[in-house]
Amino acid sequence: MSEILLSSLQCGSHQAMEEIYQVYWEDVFDAALKKTGDEALAQDITQEIFISLWENRTSLNLTASLGAYLHGAVKYKVINYFRSGSAKAQHQNALSMLMDKQHIAAADDKLILKELHLEVDAAIALLPEKMQLVFSMSRKQEKSIKEIASELDVSVQTVKNQISAALKLLKKSLSYILLIAMLIGLT
């Protein structure tokens with residue numbers, strides 16, 4: 001099956017790509033999550049790997065199984081991420097600077113920060129009810145995916161999908177907040 005899918009993929013079959021994604025995405029995500037401990041980062045790495053697989057489909061020359069290739073890709077992406085320390089370090093530095101400034105900010109800056117927090121809360125409130133609940137349990141109550149799935153009597157995959165969708169929606173609706181913070185000198 002894997003050889004037929006790979007051959008179809010190399011010929012540009014979108015259906016083959018979809019089947020490969022359906023078969024392997026959870027293993028790739030789980031491997032990335034295990035190595036990074038960060039769901040959002042694991043989701044980004046998973047997406048990058050499958051995008052790269054599609055973009056490089058015509059030049060693929062696998063000596064091992066597709067599964068082994070994808071797990072190697074996870075290892076490579078994680079190593080590159082931690083080697084560069086890029087996004088996570090930048091976000092942590094920006095957040096740290098924002099938190100430091102929050103404590104010493106003037107009254108106007110504190111008001112602006114309060115408004116930004118309200119914007120974040122408002123964006124969360126726009127999420128569908130079930131997604132809000134899952135997101136809140138994950139981020140505010142710091143419950144694991146398995147705990148959430150058990151409490152809500154849904155599958156682990158459903159919880160992962162809800163969290164991933166919530167992060168995408170929030171990232172889209174709140175991307176302007178960092179720009180505003182930079183413009184007013186909070187970061």
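This is a short tour of a predicted model, going from the whole chain to one helix pair and then to one pocket.

**Whole protein.** Show the protein as a cartoon. There are nine helices and zero strands, so the pattern along the sequence is written α-α-α-α-α-α-α-α-α, with helices numbered from the N terminus. Next, colour by accessibility: of the 187 residues, 30% count as buried. Among contacts between residues at least 6 apart in sequence, 61% join residues at least 24 apart.

**Helices α2 and α3.** Select residues 14-36, which form α2, and 39-55, which form α3. Two packed helices are described by the angle and the distance between their axes. The axes of α2 and α3 come within 8 Å and cross at roughly 145°, and the crossing is right-handed. Now show side chains where the two helices touch. On α2, the residues in contact include Met 17, Tyr 21, Trp 25, Phe 29 and Leu 33; on α3, among them are Leu 41, Ile 45, Ile 49, Phe 50 and Trp 54. By class, this contact has 16 nonpolar, four polar and one charged residues.

**The second largest pocket.** Keep Leu 33 and Glu 39 selected, and add Ser 138, Arg 139 and Ile 145. Of the 13 residues that line the second largest pocket, these five lie nearest its centre. Leu 33 and Glu 39 also belong to the contact between α2 and α3. The volume of the pocket is about 210 Å³. To see where the lining comes from, select α3, α7 (129-139), α8 (145-152) and α9 (156-183): each supplies at least two lining residues. Finally, colour the lining by class, which gives four nonpolar, three polar and six charged residues.

How values were computed
Residues are numbered from 1 along each chain as its sequence is written. This is a predicted model: local features need pLDDT of at least 70, side-chain atom pairs count only at pLDDT 80 or more; totals for chains, interfaces and linings use all residues. Side-chain values use heavy atoms; hydrogens and water are left out. On a 1 Å grid over the protein atoms alone, a cavity is a set of points where a 1.4 Å probe fits but cannot get out, and a pocket is an open set with protein on both sides within 12 Å along at least five of seven lines; lining residues have an atom within 4 Å of a point. Grid points are joined across faces, edges and corners, and a volume is the space filled by probe spheres set on the points. Helices (H or I, at least four residues) and strands (E, at least two) are DSSP runs, numbered from the N terminus. Ala, Val, Leu, Ile, Met, Phe, Trp, Tyr, Cys and Pro count as nonpolar, Asp, Glu, Lys and Arg as charged, and the others, Gly among them, as polar. Axes are lines fitted to C-alpha atoms, for helices over the stretch in contact, and angles run from 0 to 180 degrees between N-to-C directions. A crossing is left-handed if the near helix is turned anticlockwise from the far one by less than a right angle, and right-handed if clockwise. Contact means heavy atoms within 4.5 Å. Buried means under 20% relative accessible area, exposed over 50%, partly exposed in between (1.4 Å probe, protein chains only).
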